[in-house]
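Where does this structure leave empty space, and what lines that space? The paragraphs below go through the enclosed spaces, then the open ones, and end with the bound ligand.

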Amino acid sequence: MTALTLSTAGAATLRADALVVGVAKGAKGPIAAPGAEAVDKAFGGKLASVLETLGASGSEGEVTKLPAPSGLKAPLVVAVGLGQAPDKDEAYAAESLRRAAGAAARALTGVKKAAFALPIEAAEDAEAVAEGALLGAYAFTAYQGGENAKGAKNGKQPLAEVALLGAKPRDKAYKAAAERAIALVEEINRARDLVNTPPNDLFPESFAAVAAAAGKEHGLKVQVLDEKALDKGGYGGILGVGQGSEHGPRLVRIAYTHPKAAKTLAFVGKGITYDSGGISLKPAGHNETMKCDMSGAAAVFAAVVAVARLGLAVNVTGWLALAENMPSGTATRPGDVLRMYSGKTVEVLNTDAEGRLVLADAITKASEESPDAIVDVATLTGAMVMALGSRTFGIMANDDAFRASVHEIAEEVGEASWPMPLPSDLRKGMDSPTADIANMGERMGGGLVAGLFLKEFVGEGITWAHLDIAGPAFHEGAPYGYTPKGGTGSGVRTLVKLAERTAAGDLG
Ligand code: BES
Ligand code: MN
Ligand code: ZN
């Protein structure tokens with residue numbers, strides 16, 4: 001990953017290949033943001049008017065490159081838009097800093113070292129800039145370009161080094177902020193890599209191997225149930241979804257424990273390494289991005305490792321429900337009845353509603369350990385994308401206060417989300433003449449129907465929330481802010497912050 005350093009040097013004296021400053025949208029044109037003073041001075045106090053001449057306004061995501069005047073050690077100045085300038089005495093919002101830093105980092109592909117001189121007044125600001133820059137510099141190049149004769153990668157490489165100016169390297173809070181940003185972003189980028197890895201290379205067995213290796217590296221306990229163990233244990237949901245594939249399903253338990261932990265969280269991730277729809281095959285146009293259907297498991301995995309690296313005083317158990325949903329002579333048929341791990345029977349009316357089947361088994365299993373709360377993360381329904389668009393995830397829960405907390409936490413870390421209801425009248429649509437429940441119900445409100453299905457598998461009295469990340473997990477449009485094309489790592493920041501709040505005793 002891109003390296004991060006906190007620098008004491010001033011913007012004028014640090015040797016770097018580029019110098020990033022902020023420009024905000026003011027009432028009468030662009031304004032050079034705090035942090036840009038030395039650069040403004042080198043421009044004879046005219047940085048804002050030079051930018052205006054070049055057509056810059058300071059709007060979010062705008063990037064203007066200028067050759068540096070004499071007096072600066074860096075040859076290139078990159079002015080990045082911060083959006084509307086805050087009111088006097090107000091600080092820039094963390095998410096504005098994150099997005100601006102991300103946009104700048106993306107514009108610096110191929111550059112070795114960039115100094116970021118964005119407005120930093122407190123450690124939280126430094127953390128936001130660091131997160132944005134490191135997230136924005138991400139690129140998935142594993143399958144591109146090849147190597148030259150010297151063994152170096154062909155093609156432009158992501159920004160190699162970020163030096164944060166305005167941060168205090170010897171201040172404990174700033175140091176901790178930088179360390180947190182590095183650990184968090186490395187894990188988010190790990191989740192992105194997993195999502196972007198093509199499904200011919202990432203399947204349940206190989207995903208489980210990655211989890212086992214990371215577990216070893218970070219002192220986590222990892223247990224993997226393979227087809228045989230799943231069969232023995234009666235995991236009819238996971239087996240039913242995975243039985244059509246050459247690549248057998250897995251259930252991975254990855255556990256972090258802390259000796260001083262008072263609470264235990266269980267995170268459950270949907271890990272469909274490829275969702276063809278199964279016998280209820282998806283049409284062309286709907287299956288090209290379905291390698292992303294393991295994004296929930298990737299988020300859970302990344303969050304558990306991040307929590308371990310941060311050494312939080314909370315126990316966190318991750319459950320990765322891994323299967324490949326394929327059509328074949330051995331696949332589950334629409335009309336088949338599965339006996340789930342809980343003992344409930346499910347009539348599979350549509351094999352494309354597979355996520356809820358693997359999650360149900362994992363949620364039942366997670367419930368056996370009586371965690372203080374369960375949060376599942378899943379690219380579960382197209383209906384949620386219809387409802388909230390492709391940048392916002394839906395939050396459902398069996399506890400209004402917990403749903404509100406998760407929503408507030410997501411907001412705090414800069415992940416767009418919205419609370420959704422679980423209307424009980426939608427339950428009857430899943431009544432089955434043959435089994436205890438069907439895996440499909442009314443089409444309208446399909447995201448909520450899926451949530452209601454999952455709710456039935458949550459252990460008695462356990463607080464539970466469900467994040468449907470089908471929209472934001474995989475970004476198909478042009479990159480923006482710190483969000484790249486492809487896997488985004490959606491959900492990781494929310495899960496990690498939830499663990500931090502729980503460790504601090506701030507939640508129930
Ligand atoms: N993995 C899909 C949901 C999805 C859609 C994820 C778009 C990401 C982007 C899920 O397994 C699915 O196919 N859901 C069906 C459910 C339906 C058959 C009840 C859907 O949403 O159409
Ligand atoms: Mn599906
Ligand atoms: Zn799916």
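The second largest cavity in this predicted model has a volume of about 40 Å³. Its lining is made up of Ala191, Arg192, Val195, Ser295, Ala298, Ala299, Ile469, Ala473, Gly489, Ser490 and Val492. Two elements, α5 and α9 (295-310), give two or more residues each to the lining of this cavity. Sorted by class, the lining of the second largest cavity holds seven nonpolar residues, three polar ones and one charged one.

In total, three cavities of 30 Å³ or more are counted. The largest cavity encloses about 70 Å³ of space. Around the largest cavity stand Gly240, Val241, Gln243, Gly244, Gly278, Asn325, Met326, Ala331, Thr332, Val348, Thr351 and Leu357. What classes do the residues of this lining divide into? Five are nonpolar and seven are polar, with no charged residue in the lining of the largest cavity.

A probe the size of a water molecule, rolled over the atoms, shows where empty space is left. Apart from cavities, the model has pockets, and two of them are described here.

The second largest pocket has a volume of about 470 Å³. Its lining counts 28 residues, and those nearest the centre of this pocket are Arg391, Gly414, Glu415, Ala416 and Tyr482. Two or more residues of the lining come from each of α3 (94-107), α5 (172-196), α12 (400-413), β16 (417-419) and β19. Of these elements, α12 has the largest share in the lining of the second largest pocket, with three residues. By class, this lining divides into ten nonpolar, eleven polar and seven charged residues. Helix α5 thus appears in the lining of the second largest pocket and in that of the second largest cavity.

The largest pocket holds about 1300 Å³ of space. Lining the largest pocket are 40 residues, and Lys282, Leu380, Thr381, Gly382 and Ala383 lie nearest its centre. At least two lining residues each are supplied by β10 (264-275), α10 (355-368), α11 (382-388), α13 (446-455) and β19 (474-475). Which of the elements gives the most to this lining? It is α11, with four residues. The lining of the largest pocket has 13 nonpolar, 16 polar and eleven charged residues. Strand β19 supplies residues to the lining of the largest pocket and also to that of the second largest pocket.

The largest pocket is where ligand 1 sits. There are 16 residues around ligand 1, and Lys282, Asp293, Asp352, Glu354 and Gly382 come nearest. Lys282 and Gly382 are also among the residues nearest the centre of the largest pocket. In the shell around ligand 1, five residues are nonpolar, four are polar and seven are charged.

Some polar contacts of ligand 1 can be given with their distances. An oxygen atom of ligand 1 lies 2.8 Å from a polar side-chain atom of Asp352. For Lys270, a polar side-chain atom is 3.2 Å from an oxygen atom of the ligand. At Thr379 the contact involves the backbone: a polar backbone atom of Thr379 is 3.4 Å from a nitrogen atom of ligand 1. How much of the area that ligand 1 exposes when taken alone does the protein bury? Taken alone, ligand 1 exposes 520 Å², and the protein buries 76% of that.

Definitions and conventions: Residues numbered from 1 in each chain as written. Chains lettered and ligands numbered in written order. Predicted model: local features only at pLDDT ≥ 70, side-chain atom pairs only at ≥ 80, totals over all residues. Heavy atoms only, no water. Near = heavy atom within 4 Å. Polar contact = N/O pair within 3.5 Å; in protein donor to acceptor, adjacent residues only side chain to side chain. Areas by Shrake-Rupley, 256 points an atom, 1.4 Å probe, with all protein chains shown as cover. 1 Å grid on protein atoms, 1.4 Å probe; cavity = no way out; pocket = protein on both sides within 12 Å on 5 of 7 lines; lining within 4 Å. Sits in = over half its atoms within 2 Å of the grid points. Nonpolar A, V, L, I, M, F, W, Y, C, P; charged D, E, K, R; others polar. Points joined across faces, edges and corners; volume = space filled by probe spheres on them.
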